[in-house]
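Could you walk me through this structure while I have it open in my viewer? I would like to know what to select at each stop and what I will find there.

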Amino acid sequence: MSQVVEHGGGVWSIKVPIPDNPLGHTLVHLLDTDRGPVLVDTGWDDPASWEELTGGLTALGTSVGEIHGVVITHHHPDHHGLSGQVREASGAWIAMHAADTAVVRRTRASEPGDWLDYLARKLEAVGAPPEHTAPLRAARSGGRMRTLPGLRSALPDREIVPGELLDLAGRRLRAIWTPGHTPGHVCLHLEEDHPARLPGHGRLFSGDHLLPGISPHIGLYEDPDDATVTDPLGDYLASLERIGRLGVAEVLPAHQHAFTDAAGRVGELLRHHEERLTGLLSLLATPLTPWQLAERMEWNRPWDQIPYGSRNIAVSEAEAHLRRLVKLGRAEAVPGTDPVTYVAV
Ligand SMILES: [Zn+2]
Ligand SMILES: [Zn+2]
């Protein structure tokens with residue numbers, strides 16, 4: 001039996017499992033419109049997840065064939081994984097922010113080998129030891145290239161334009177661009193009275209941007225073709241403040257559970273990042289490469305117990321924090337170092 005929750009006012013959520021992942025599940029939301037049901041996110045591309053999604057729709061008295069449209073908060077496979085299958089079964093359109101559509105387009109076109117080369121080059125540039133990059137080089141030369149989850153992900157048909165209402169019959173759903181977790185992440189503001197009259201201004205589908213008990217991963221926007229020095233953590237913090245100012249009555253996130261007091265949660269996350277940045281500055285009393293910084297940062301377990309792939313994610317997060325500190329003028333690159341080291345100012 002699929003787990004379906006009614007949130008009132010023509011909104012439901014379906015728990016769609018993410019296989020072998022501590023997050024457990026994605027909350028796929030269903031929004032009734034005058035032209036048929038619309039999904040916010042779709043879930044991981046896996047037969048068991050598809051079963052739960054379609055079973056959930058049936059439990060709600062509809063079916064996947066009835067879906068009119070799919071609105072995607074961001075391109076990650078736990079949100080966009082089943083979109084193509086939903087479109088095939090229903091003829092629904094898929095909408096996404098242009099910056100994430102660009103990621104989907106790039107991933108679909110990329111050769112896994114090129115991606116491995118890019119990753120190895122990048123890791124060497126941030127000071128990863130040879131024993132960390134050796135498996136990438138070996139997989140490349142041995143032709144052992146695991147398929148990346150995003151390779152088959154669906155190209156959207158529609159663009160989500162920041163600040164504008166989506167074209168949904170009988171509903172007021174406005175796109176709020178919230179870059180940081182991904183370059184094209186959006187939250188969707190349902191500008192309608194709360195069905196239980198909770199105080200505040202409507203409800204927010206927050207994707208991964210604002211979750212009740214998790215601080216979302218903020219790494220770099222990986223783009224082999226773009227040399228722009230982006231500042232994803234700066235983007236994220238600015239997006240958080242934007243969401244805090246909406247004054248929504250309730251948040252409907254894509255993981256965990258619905259919650260109220262969005263502004264309180266925004267404040268917690270802003271303080272968390274401020275404390276983390278301050279903590280990093282004390283580590284940077286000695287010049288460190290991004291890799292060395294990641295080794296010394298606090299994670300959910302000691303560095304030597306962090307699995308291989310998660311170390312790449314961790315070092316990307318360390319780099320995002322370094323970029324923010326440099327941008328704030330609180331740290332700087334040490335001239336003439338290779339790999340480049342950073343030091344507190
Ligand atoms: Zn995500
Ligand atoms: Zn997610």
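Here is a tour that starts with the whole chain and then goes through its sheets, helices and one loop residue. Keep in mind throughout that this is a predicted model.

**Stop 1: the whole chain**

Show everything as a cartoon, and you have 10 helices and 13 strands to look at. The radius of gyration is 21 Å, close to the 20 Å that the globule rule gives for 345 residues, so the chain is as compact as a globular protein of that length. If you align the view to the principal axes, the C-alpha trace spans about 60 × 50 × 35 Å. Colour by burial next: 42% of the 345 residues count as buried. A contact map is worth a glance too, since among contacts with a separation of 6 or more, 65% link residues 24 or more positions apart.

**Stop 2: the seven-stranded sheet**

Select strands E1 to E7. They form an open sheet in the order E1-E2-E3-E4-E5-E6-E7, and the pairing is mixed. Which strands stand at the edges? They are E1 (4-6) and E7 (158-159); each has a single partner strand, so one side of each is left without a neighbour in the sheet.

Now zoom in on E2 (residues 11-17) and E3 (residues 25-31), an antiparallel pair joined over seven bridges. To get your bearings, pick valine 11 and look across to leucine 31 in E3, which stands opposite. Then add helix H1 (residues 47-59) to the selection: H1 lies across E1, E2 and E3 and runs at about 155° to E2.

**Stop 3: the four-stranded sheet**

Move on to strands E8 to E11. This is another open sheet with mixed pairing, and its order is E8-E9-E10-E11. Strand E8 (173-177) and strand E11 (250-253) are at the edges, each with a single partner strand, so one side of each has no neighbour in the sheet. Looking across the strands, you will find a twist that averages 25° from one to the next.

Both pairing senses can be seen here. E9 (residues 186-190) and E10 (residues 203-207) pair in the antiparallel sense over three bridges, and histidine 189 has leucine 204 of E10 as its bridge partner. E10 and E11, by contrast, run parallel and are joined by four bridges. Select glycine 207 and you will see proline 253 of E11 opposite.

Stay with E11 and show its side chains. In a regular strand, side chains alternate between the two faces of the sheet. Is E11 covered on one face or both? Both faces are covered: Glu250 and Leu252 on one side are buried, and so are Val251 and Pro253 on the other.

**Stop 4: a helix crossing**

Select helix H7 (residues 232-244) and helix H10 (residues 308-327). Their axes are 7 Å apart and the packing angle is about 80°, which makes H7 roughly perpendicular to H10. For the contact itself, show Pro232, Leu233 and Gly234 from H7, together with Ala320, His321, Arg323, Arg324 and Lys327 from H10. Coloured by residue type, this contact divides into three nonpolar, two polar and three charged residues.

**Stop 5: arginine 245**

Finish in the loop between H7 and E11, where arginine 245 sits. Is arginine 245 buried or exposed? It counts as exposed, because it has 11 C-beta neighbours inside 10 Å. For a last distance, pick the C-alpha atoms of arginine 245 and arginine 172: the two residues are 73 apart in sequence and 18 Å apart in space.

Note on methods. Residues numbered from 1 in each chain as written. Chains lettered and ligands numbered in written order. Predicted model: local features only at pLDDT ≥ 70, side-chain atom pairs only at ≥ 80, totals over all residues. Pairing = 2+ DSSP bridges. Helix = DSSP H or I, 4+ residues; strand = E, 2+ residues; numbered from the N terminus. Axes fitted to C-alpha atoms, helices over the stretch in contact; angles between N-to-C directions. Parallel < 35°, antiparallel > 145°, perpendicular 65-115°, else oblique. Contact = placed C-beta atoms within 7 Å. Nonpolar A, V, L, I, M, F, W, Y, C, P; charged D, E, K, R; others polar. Rg over C-alpha atoms; globule rule 2.2 N^0.38 Å. Buried ≥ 20, exposed ≤ 12 C-beta atoms within 10 Å, placed from the backbone.
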